[in-house]
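Subject: Structure handover

Hello,

Here is the structure for your files. My notes on what was found in it follow below.

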Amino acid sequence: MKFSKNTTVPFALLATGAMVLGGCATHRGGKHISVEPGVQMLTLDSAREADLDVTFNVPARYFSKRSRLYISPVLYSGDSLVRKYEEVVLDAPVFVKKAERAAVLEGEEDPLAGKAKEVDNRKACTIPYHQTIQLPEGVEAGEVMAHVSTDGCGVCSGIDTLHLAGLNNPVSLIDMDDWKVDWIEPVFEIKPKIRSGKGVARLQFIINRYDIRPELGNNAAELDSMLAKLEPVLSDSLASLEYVKITGVASADGSLRINTPLARNRANSAMKWLIDKLDIPASVQKLFSVTSRPEGWLPVLEAMRAAGDADTTAVARILEKYADRNDDVQEYYIRRLGCWGRIRDNYLQKDRNVEYVYSYQIRSFTTDEELLDMYGKRPDAFSEDELLRVSTLKETDAEKMEVYRTILHYFPQSHVAANNLAVLLLREGKKEEAREVFESVEGYSKETLKTRATLYVYRNEYEKAVELLEMNVEDPEARYNLGLVKAQMRQLDEAYELLAPFKDVNSAIMALSVNKNEEAAAIMESVRSNSPQCEYVRAMVSARLGEDADALGHIAKAAEDVALRERAKIEYDFKPYRNCVEFRAAIYK
């Protein structure tokens with residue numbers, strides 16, 4: 001049968017023709033090597049590898065008794081030879097004798113002597129063959145063929161061409177941009193903004209005195225530090241002081257009966273010094289209070305441990321034995337240790353601690369106008385909720401990103417700000433910067449889980465992405481993302497089960513990947529998109545179902561995408577159409 005240039009060749013005839021006309025020459029005896037189990041469709045694993053297991057059935061008298069037969073498996077991608085594999089070499093009886101004689105008489109060494117297998121060419125033989133086939137990166141489809149020859153070339157002098165397997169890789173059609181991430185829309189709620197602080201002033205006093213002497217020791221710097229913490233709070237027009245509590249710490253050395261009121265008086269002196277320096281009005285002075293507490297002997301024990309003192313154990317035993325008694329009892333026994341003099345001189349605190357804690361409330365901003373106005377003036381006075389509200393009032397992505405960075409400056413563990421900033425960065429293709437944002441935030445929430453998993457996927461850390469997504473499989477979007485990850489990991493059955501319910505182009509791709517072609521067809525009937533990707537998938541479905549006209553029509557539409565047009569040239573499903581006028585017109589533009 002002859003076909004004109006404009007004839008569309010039926011799928012079945014093309015497939016038959018490919019089997020017969022694949023080699024450079026046909027064996028003159030009309031015999032062919034058969035292959036079991038026939039042409040296979042290999043499914044690639046996560047390493048883009050698949051095992052090829054076939055048996056070559058060589059007919060009786062297929063090659064002459066003086067010949068060496070080569071079966072040379074190779075991997076093609078379209079018309080390009082990608083890789084050669086281990087040959088099968090069969091030697092007929094006379095060839096073996098000739099090779100042995102040449103080795104003895106002429107010293108010729110046979111480089112294939114260890115590989116060749118001697119067979120009786122007058123009888124049929126079966127040769128099992130195993131090979132791991134890997135599809136190189138950048139190659140999306142291929143075909144494993146075997147050239148049969150008697151000189152090892154196979155390309156120019158082949159006597160047969162065997163079709164062993166096709167390698168399809170539909171999974172690589174999946175668009176990972178379909179990944180679902182959550183944009184967290186914050187709910188604005190006005191809450192009291194209570195803030196607090198604390199510090200310690202290490203002051204020196206004259207023995208048994210409690211008046212403040214700035215000239216003693218480092219007192220001036222310690223007092224200034226306390227002043228520097230409290231002055232901004234008291235002078236801030238947006239802040240309302242809740243309380244300031246100052247505690248004098250009573251020395252462990254000496255009677256508690258004397259030290260406790262002394263410590264309180266020292267705290268009171270520090271309070272009066274602050275009130276005087278800050279010129280605090282009487283209405284605010286009532287928010288200040290003083291108290292005292294014993295220091296105890298624990299700081300002494302810790303200092304001895306830090307110094308590696310040999311008598312540390314003795315002091316520890318006393319403190320443990322009299323833990324339910326006061327400092328005076330513990331001191332009584334510590335003073336009776338032989339090392340007391342060294343303890344007194346080296347480990348007792350010379351300075352007296354004056355501790356202070358304070359709390360204040362920052363005024364809340366309630367209207368959008370006030371929020372935007374104050375954001376430009378005092379972002380430090382905002383709560384996280386207020387700043388998140390500001391982010392929703394900004395119009396452009398750039399403005400929103402600036403607010404999110406401000407939030408993370410003041411609230412480094414804001415999951416909402418980190419998530420939304422990462423989403424915006426991912427939209428701009430700034431994957432590494434998005435990853436850095438999340439690395440600074442501890443833990444995760446359900447809202448941020450999918451975004452964090454996305455960043456693992458972009459770094460090919462699929463196991464970490466799976467671990468996160470499996471924690472939230474009740475979320476349909478998390479299940480969808482998990483299916484995409486499983487697809488990238490070539491865990492095809494699991495990916496198909498996860499994606500099948502969504503009935504979109506990605507689920508159709510997974511159906512093709514597990515050879516559920518009818519199901520893929522049904523899914524694509526419900527998909528309304530006519531994107532090049534969808535048309536390409538429809539073309540693959542039609543090709544597998546033998547709907548040649550439909551396949552060629554869809555290929556023509558998919559060819560609008562340059563990458564898909566190039567892929568179509570090597571797609572194994574489209575092999576029967578490669579010589580069709582319609583196919584070549586669409587693909588070879």
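**A helix pair**

The crossing of helices α21 and α22 is left-handed. Please keep in mind that this is a predicted model. Helix α21 covers residues 532-544 and helix α22 covers residues 548-558; their axes come within 8 Å and cross at roughly 160°. Angles over 145 degrees count as roughly antiparallel, and α21 and α22 are therefore roughly antiparallel to each other.

On the α21 side, the contact is made by P532, E535, Y536, R538, A539, S542 and A543. From α22 come D550, A551, H554, I555, K557 and A558. Sorted by class, the residues of this contact are seven nonpolar, two polar and four charged.

**Empty space**

Rolling a probe the size of a water molecule over the atoms shows where empty space is left. Two sites are described here.

The second largest pocket holds about 440 Å³ of space. Its lining consists of 22 residues, and those nearest the centre of the pocket are S251, R266, Q349, K350 and R352. Strand β12 (239-250) and helix α4 (256-278) each supply at least two residues of that lining. The largest share, four residues, comes from α4. By class, the pocket lining divides into 11 nonpolar, five polar and six charged residues.

As for enclosed space, the structure holds one cavity of 30 Å³ or more. About 100 Å³ of space lies in the largest cavity. This cavity is lined by 14 residues, with L42, T43, N168, P170 and S513 closest to its centre. At least two lining residues each are supplied by β2 (40-42) and α19 (505-513). The lining of the largest cavity has seven nonpolar, five polar and two charged residues.

**Backbone details**

Most residues other than glycine have a negative phi, and most peptide bonds are trans. Two places are worth listing against that background.

One is the peptide bond that joins E36 and P37, which is cis, with omega about 10°. P37 sits in the loop between β1 (34-36) and β2. Strand β2 also appears above, as a supplier of residues to the lining of the largest cavity.

The other is N208, a residue other than glycine with a positive phi, near 65°. N208 is found in the loop between β11 (193-203) and α3 (219-235).

Regards

Technical notes: Residues are numbered from 1 along each chain as its sequence is written. This is a predicted model: local features need pLDDT of at least 70, side-chain atom pairs count only at pLDDT 80 or more; totals for chains, interfaces and linings use all residues. Side-chain values use heavy atoms; hydrogens and water are left out. Axes are lines fitted to C-alpha atoms, for helices over the stretch in contact, and angles run from 0 to 180 degrees between N-to-C directions. Angles under 35 degrees count as roughly parallel, over 145 as roughly antiparallel, 65 to 115 as roughly perpendicular and the rest as oblique. A crossing is left-handed if the near helix is turned anticlockwise from the far one by less than a right angle, and right-handed if clockwise. Contact means heavy atoms within 4.5 Å. Ala, Val, Leu, Ile, Met, Phe, Trp, Tyr, Cys and Pro count as nonpolar, Asp, Glu, Lys and Arg as charged, and the others, Gly among them, as polar. On a 1 Å grid over the protein atoms alone, a cavity is a set of points where a 1.4 Å probe fits but cannot get out, and a pocket is an open set with protein on both sides within 12 Å along at least five of seven lines; lining residues have an atom within 4 Å of a point. Grid points are joined across faces, edges and corners, and a volume is the space filled by probe spheres set on the points.
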